[in-house]
2 protein chains.
Amino acid sequence: MSPEIRLKPIGLVRSPRKEAIDDRWGKIVSTIDIDPGQFTLESLAGLDAFSHIELIFHFHAVPDDKIEIGARHPRNRKDWPKVGIFAQRGKNRPNRLGLSVCNLLKVEGLTVTVEGLDAIDGTPVLDIKPYIKEFAPRGQVTQPDWPAELMAGYYSD
Amino acid sequence: MSPEIRLKPIGLVRSPRKEAIDDRWGKIVSTIDIDPGQFTLESLAGLDAFSHIELIFHFHAVPDDKIEIGARHPRNRKDWPKVGIFAQRGKNRPNRLGLSVCNLLKVEGLTVTVEGLDAIDGTPVLDIKPYIKEFAPRGQVTQPDWPAELMAGYYSD
């Protein structure tokens, strides 16, 4: 297996949410404060032409002893199947990587304002990518039943 | 800014593509060989119920001195606008994180077979997430003109 990979956060999330809560992320407005020690306005040039961005971030608040590698019922709902950590998107995962698409509201200096980002205040951001339609799934998307049930209140109010 | 983050690959890509080529990734069939030293069959339980997966990987072949932080014309096409590294998805980016959705063909033991993964042979994989429709962009997606032109031959034959 390849050696360890070292990453440096490109910025930090500032969010009204200080703790992980399961639901109602849709209307949360937060900012990504890009590190002025590493980046300039040029790094974000043209980003505001996109309606959505994808963020890769680090679930920094998850302690080592909470990381899961096996299978469990998502949200401990016994009526949903036991699925492996790579078949769900829970935060207690190897490498603690979070991935979300959110609505881009504004780019002002090195501050990127977004809506619907499901990351708590202080979350280190590892990458920002523009959401490009042509990178969406090719072909029909199918999935089991439990994710739609889990997501019912995730983004809605 | 927060301290350095250390990640350990969860597996490696095995692909017929040994070098980065811009286009025609759509029909490439590759595998992700999950590290048996870290994971078991349980880690992947239920993954095969999804038609698509999202992969976060490391553009390991990009050398330090190629990393960009400013703006440039994507693919050096002077007829497209100069955009910052966070307004494009090029591989020469801070933290070298790649992100792609691909079609899941098969899960067999610790080997995950996919179609349309734009990562070369030997790429370290950092996370696998199931593609869940409810995590797709909320609201209408808009983008400038250049990405559709750039993507014209990316997944097609």
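This passage describes a predicted model with chains A and B, beginning with the fold of chain A and moving on to the barrel of chain B and the contact between the chains.

Chain A contains nine strands and one helix. Read from the N terminus, its elements follow the order β-β-β-β-β-β-β-β-β-α. The radius of gyration of chain A is 17 Å, close to the 15 Å that the globule rule gives for 157 residues, so chain A is as compact as a globular protein of that length. Along the principal axes, the C-alpha atoms of chain A occupy a box of roughly 50 × 35 × 35 Å. Of the 157 residues in chain A, 39% are buried. When contacts in chain A between residues at least 6 apart in sequence are considered, 75% of them join residues at least 24 apart.

In chain B, six strands form a closed barrel in the order β2-β3-β8-β7-β4-β9, and their pairing is antiparallel. On average, neighbouring strands of this sheet are turned by 45° against each other, direction ignored. Strands of a sheet pair through backbone hydrogen bonds, in either a parallel or an antiparallel arrangement.

Several pairings within the barrel can be followed residue by residue. Strand β2 of chain B (residues 11–14) is joined to strand β3 of chain B (residues 29–34) by four bridges, and the two run antiparallel. Within chain B, Arg14(B) is placed opposite Thr31(B) of β3(B). Strand β3(B) is in turn joined to β8(B) by five bridges, again in an antiparallel arrangement, with Val29(B) opposite Glu115(B) of β8(B). On β7(B), Asn103(B) has Glu115(B) in β8(B) as its bridge partner. The pairing of β7(B) with β8(B) is antiparallel and extends over five bridges. These two strands form a hairpin with two residues between them, and Gly109(B) in the turn has a positive phi of about 60°.

The two faces of strand β8 of chain B (residues 111–115) differ in cover: Val112(B) and Val114(B) make up the covered face, whereas Thr111(B), Thr113(B) and Glu115(B) lie on the uncovered one. In a regular strand the side chains alternate between the two faces of the sheet.

Contact between the chains involves 74 residues of chain B and 74 residues of chain A. On the side of chain B that touches chain A, at least two residues each are supplied by β1 (5–7), β4 (52–58), β6 (83–84), β7 (97–108), β9 (124–130) and α1 (146–150). The largest share of this side, six residues, comes from β9(B). By class, the side of chain B that touches chain A comprises 40 nonpolar, 20 polar and 14 charged residues. Strand pairing also links the chains: three bridges join strand β1 of chain A (residues 5–7) to β1(B), and these strands run antiparallel. Leu7(A) stands opposite Ile5(B) in this pairing.

The largest nonpolar core has 68 residues, and those with the most contacts inside it are Ile56(A), Val125(A), Ile56(B) and Val125(B). Apart from its neighbours within four places in sequence, Ile56(A) is in contact with Leu97(A), Leu99(A), Leu126(A) and Asp127(A), and also with Ile56(B), Leu97(B) and Leu99(B) of chain B. In soluble globular proteins, nonpolar side chains tend to be buried together.

Notes: Residues numbered from 1 in each chain as written. Chains lettered and ligands numbered in written order. Predicted model: local features only at pLDDT ≥ 70, side-chain atom pairs only at ≥ 80, totals over all residues. Pairing = 2+ DSSP bridges. Axes fitted to C-alpha atoms, helices over the stretch in contact; angles between N-to-C directions. Contact = placed C-beta atoms within 7 Å. Nonpolar A, V, L, I, M, F, W, Y, C, P; charged D, E, K, R; others polar. Buried ≥ 20, exposed ≤ 12 C-beta atoms within 10 Å, placed from the backbone. Rg over C-alpha atoms; globule rule 2.2 N^0.38 Å. Core = buried A, V, L, I, M, F, W, Y, C linked by C-beta atoms within 7 Å.
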